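Student: I'm new to this one and a bit lost. Please pick one spot, look at it closely, and then walk me outwards from there.

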Amino acid sequence: MKLSLQREHLLRPLTLVAGVVERRGSLPVLNNLLFEVSETSLKLTGSDLEVELQAEVTPLQVIKTGNVTVPAKKLLDICKSLPEQAELTLELEEQRLLIRSGRSRFTLTTLPAEDFPKVKDADFDSSFGLPQARLKYLIEHTAFAMAQQDVRYYLNGMFLELDGNTLRTVTTDGHRLALCAQPLDTQVQEERSGVIIPRKGVIELSRLLEETETPVTLALGRTHMRAQLNDYLFTSKLVDGKFPDYERVIPRNGQNVMQGERQALKQVFNRTAILSNEKYRGVRLILSSNHLQVLANNPEQEEAEEQVSVDYHGSALEICFNVSYLLDILNALDSEHVEIALSDSNSSALIQDAGGGAAQYVVMPMRLS
């Protein structure tokens, strides 16, 4: 195996593919990337047995074809350290990879390509396309509410639901819920169905997507999902579980509706958060006619109080929320004005852009003490 290519042609694909590699994998070969050199291209594959990413790179020149696996992090660090526009020559000699660039020379140990565990071809029930920017929007507006290492394993990921000509993403950690919907350009002729993409799969897929109208094709099956975009092929195992009925969680009867400026509320919550309890992060919201008072305190008997004008004509209300959840939502929303609908001090709040929007957020209240 021998080929030459420019640093810039290799760096981004190498960075993305190396991102899925398990740093301390149980199998030594999982610390490596699979190199497959054909007469016209170089295919890089990284895997952790749950997520696999394959990138295709067009070299400047292929002198000899061949396959091998090479240490992902070391190769990436070498590539990053070389000067811009550097030309690299990669050659396999006696099961070692020789990397030459200018006066630099590196030798890396390798493992046989046959040892690399590629994802088996899976059956996919549905396939559809949409612009990358639209899928990225869905992920960015909901990913923050995924659970982390929850014993309810089906919460440690994102529910991707296909419903006619609508694609939804839903996440929840049991204390809050995020939902976002975007239209598909074509009607998918199938019954409403959904899959759960694991947390790592969501994060790595988001890194691949760009803010462009360039299409990405998604294929969904019973055990795997696959995304094809540009020169990348991304495959992820699915979480085998039933996602909660999210529609039952969304409150529909919040008669006390507050509207406020998103930036002003962010500043108020950021300041009060400084003196909130570091563990529970609770802040108290006291609503009265066109007025919101935000209070926070901590075990050191320190207190913060903020006042802000809002548009509110409901009954006087006092409720407590985790301020981190509120800030996550305000950072995700698009409009300059936000709307919070409440029923009473013990019911969940529905938060969205004023006048509605593509995303909706539900936050459970904390117990007032």
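Tutor: Let's begin with what an angle between helices means here: axes are lines fitted to the C-alpha atoms, for helices over the stretch in contact, and the angle, from 0 to 180 degrees, is taken between the N-to-C directions. Keep in mind that what you're looking at is a predicted model.

Our spot is where helix α1 (residues 7-19) packs with helix α4 (residues 199-208): the angle is about 170°, and the axes are 10 Å apart. Angles over 145 degrees count as roughly antiparallel, and α1 and α4 are therefore roughly antiparallel to each other. Zoom in on the side of α1, and you'll find R12, T15, L16 and G19 meeting K200, E204, R207 and L208 of α4. Sort the residues of this contact by kind, and you get 2 nonpolar, 2 polar and 4 charged.

Now for the sheet behind α4. It's an open one, built from 9 strands with antiparallel pairing, and the order is β14-β11-β12-β13-β26-β25-β24-β18-β22. At its edges are β14 (193-198) and β22 (311-312), each pairing on one side only. α4 packs on this sheet by touching β11 (157-163) and β14, with its direction at about 85° to that of β14.

Follow the sheet along to β18 (residues 256-261) and β24 (residues 337-342), which pair in the antiparallel sense over 6 bridges. In that pair, Q259 has E339 of β24 as its bridge partner. Another helix, α6, packs on the sheet here: α6 touches β18 and β24, and its direction makes about 90° with that of β18.

Stay with α6 for a moment and we'll reach a second sheet. This one is open too, with 4 strands in the order β21-β20-β19-β23 and antiparallel pairing. β21 (303-309) and β23 (317-322) are the edge strands; each has a single partner strand, so one side of each is left without a neighbour in the sheet. From one strand to the next, the twist averages 20°. In this sheet, β19 (residues 282-288) pairs with β20 (residues 291-297) over 5 bridges, in the antiparallel sense. One residue to look for is R284, whose bridge partner in β20 is L295. And here's α6 (residues 262-273) again, packing on this sheet and touching β19, β20 and β21, with its direction at about 170° to that of β21. Helix α7 (residues 323-332) lies across β19 and β23, and runs at about 85° to β23.

Last, step back to the whole chain, which is divided into domain 1 (2-115), domain 2 (124-237) and domain 3 (256-363). The C-alpha centres of domain 2 and domain 3 are 29 Å apart, and their contact takes 12 residues from domain 2 and 11 residues from domain 3. Between these two, about 1000 Å² is buried, with carbon and sulfur atoms giving 53% of it. If you want residues to click on in domain 2, try H141, F144 and R176: they lose the most area to domain 3, together 46% of what that side buries.

Methods: Residues are numbered from 1 along each chain as its sequence is written. This is a predicted model: local features need pLDDT of at least 70, side-chain atom pairs count only at pLDDT 80 or more; totals for chains, interfaces and linings use all residues. Side-chain values use heavy atoms; hydrogens and water are left out. Two strands pair if DSSP finds at least two bridges between them. Helices (H or I, at least four residues) and strands (E, at least two) are DSSP runs, numbered from the N terminus. Contact means heavy atoms within 4.5 Å. Angles under 35 degrees count as roughly parallel, over 145 as roughly antiparallel, 65 to 115 as roughly perpendicular and the rest as oblique. Ala, Val, Leu, Ile, Met, Phe, Trp, Tyr, Cys and Pro count as nonpolar, Asp, Glu, Lys and Arg as charged, and the others, Gly among them, as polar. Domain bounds come from an automatic or database domain assignment. Buried area is the accessible area (1.4 Å probe) that two parts lose on being put together, summed over both.
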